[in-house]
Amino acid sequence: MNSLFKHLQGDRVIWALVAMLAIFSFMPVYSASTNLVYVVGNGSTMGHLVKHAALLFMGFAIMFAVHKIPYRYFSGGSVLMYPLVIVLLVYTLSQGTTIGGANASRWIRVPIVGVGFQTSTLASLVLLVYVARYIARNKDNEIRFKESLLQLWLPVGLALALILPANFSTTAIIFFVIMVLVYLGGYPVKYILYILGMGVAALSLFVLVAKAFPDAMPNRVNTWQSRIERFSDPNETEGYQVEKAKIAIATGGVTGRGPGKSVQKNFLPQSTSDFIFAIIIEEYGLIGGLVVITFYFLLLMRILIAAKKAGTVFGTMLVVSIGIPIIFQAMINMAVATNLLPVTGQTLPLISSGGTSIWMTCFGLGIILSVSSANEVTEAQLEEENEDPLSILHETIHD
């Protein structure tokens, strides 16, 4: 065991928090999977638990492998990966709107393993690293708006435009985080206001076009509209999922019904993913919910500490750009389950079932751990080794 820990580099508290969240997830996923088994008729509860454990194991393997990579490689890597994610996003949108009767404009099927892969999660990770790269490389330069449009906002806008039709919540999270990043990176506030205005105008135009030509492309504008109207109108009948989630939370009380004793898991769709927090509160009560919130709060604190300790601007921006969305996603998931926000489809990181979410979260955490384990890297070394994105391939070949 000690020999294993010797290979774990970076912030040990982050390692511990991630492990505790993953271990805690076993019981809620096992319990909530009864909905998939007895209502949907999909597999067995033990089968879903084994699958979840396997996905977490693969996630930890990804995190371990990624944290061994010097984080300077991710700068050039984001440039190399950007064209690939654009192709994947285009392919995902073009494959149609349904697979087996379900909306599939977010997903592609991974061959052999048979797991659905949400391409927007990979795209968001690459895009945020790309933005962190831009900020670091221009930290001492005077920002010219026209140049930044071409170098930064054109790639950002293209990727977000391809994510938006099927996944508004992810697009909104990425856009918000990018706004925070460029502000922290010293991008002029007046230019940020220009971009905000352009973003609102682009979103409005998209909604108008989607409403006027609903069959032109896969989109979920009507779904967004109905969810927002149902959430904001006090006279509107609550959605089925929200109603069952509120019943689960109300019956959980302070200490909960007990592990595996949830009733609403048999009626609540997405009980293992989007609404798993409601099942946690029903079974473990307010105490269990506060424990989960505390884990994420501690993880946020360690992410901020890792960002502060990073030896370079790129390292700091990298940790912030990847770490904040993980916590933000958790907050949104819990807010939806408690009816503080309309339904968005965001999972609870490291707890909800689902391969893509687990893998990409672990990939991002691996990058953060890579930064926290390499504080000795200097700004000059980083710029020298990333002057050309192809340097990552060059060094790999010669190693």
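This report describes the fold, the nonpolar core and selected residue environments of one protein chain.

**Overall architecture**

The coordinates come from a predicted model. The chain contains 399 residues, and 49% of them are buried. Its secondary structure consists of 16 helices and four strands. Among contacts between residues at least 6 apart in sequence, 73% join residues that are at least 24 apart. The accessible surface amounts to about 18900 Å², and carbon and sulfur atoms account for 67% of that area.

**The nonpolar core**

The largest nonpolar core comprises 103 residues. Within this core, the residues with the most contacts are W153, I178, V182, Y187, Y296, L348 and I351. Helix 12, which spans residues 276–309, supplies the largest share of the core, namely 15 residues.

V182 illustrates how these residues meet. Leaving aside residues up to four places away in sequence, V182 touches V131, I135, L152, W153, Y187 and I192. Two of these partners, W153 and Y187, are themselves listed with V182 among the residues with the most contacts inside the core. W153 and Y187 also belong to one aromatic cluster, together with F145, Y191 and Y194.

**Buried positions in three helices**

Three residues, M334, S75 and I279, are considered individually below.

| Residue | Relative accessible area |
|---|---|
| M334 | 11% |
| S75 | 4% |
| I279 | 0% |

M334 lies in helix 13, which covers residues 313–337. Its relative accessible area is 11%, and M334 therefore counts as buried, the limit being under 20%. Beyond residues up to four places away in sequence, M334 touches F277, I293, Y296 and L348. Of these, Y296 and L348 appear among the core residues with the most contacts. M334 and D274 are separated by 60 residues in sequence, while their C-alpha atoms are 9.0 Å apart in space.

S75 is placed in helix 5, residues 73–94. With a relative accessible area of 4%, S75 is buried. The side chain of S75 makes a polar contact with the side chain of R133, at 2.8 Å.

I279 belongs to helix 12, the element that gives the core its largest share. At 0% relative accessibility, I279 counts as buried. Its contacts, not counting residues up to four places away in sequence, are A32, S262, Q264, K265, L268 and S271. A248 is 31 residues from I279 in sequence, and the C-alpha to C-alpha distance between A248 and I279 is 6.4 Å.

**Aromatic and charged contacts**

A pair of aromatic rings is described by the distance of the centres and the angle of the planes. The structure holds ten aromatic pairs. One of them, formed by Y71 and F314, is stacked, with 6.0 Å between the ring centres and 20° between the planes. This pair links distant parts of the chain, for Y71 sits in the loop between helix 4 (45–67) and helix 5, whereas F314 is in helix 13, and 243 residues separate the two. Both Y71 and F314 are buried. Helix 13 thus carries F314 of this stacked pair as well as M334.

A contact between a charge and a ring is also present. The charged end of K244 sits over the ring of F267, at 5.3 Å from the centre of that ring.

Methods:
Residues numbered from 1 in each chain as written. Predicted model: local features only at pLDDT ≥ 70, side-chain atom pairs only at ≥ 80, totals over all residues. Heavy atoms only, no water. Buried < 20%, exposed > 50% of the residue type's maximum accessible area, 1.4 Å probe, protein only. Contact = heavy atoms within 4.5 Å. Areas by Shrake-Rupley, 256 points an atom, 1.4 Å probe, with all protein chains shown as cover. Core = buried A, V, L, I, M, F, W, Y, C linked by side-chain atoms within 4.5 Å. Polar contact = N/O pair within 3.5 Å; in protein donor to acceptor, adjacent residues only side chain to side chain. Phe/Tyr/Trp six-rings, centres within 6.5 Å; stacked < 30°, edge-to-face > 60°. Lys NZ or Arg CZ within 6 Å of the ring centre and 35° of its normal.
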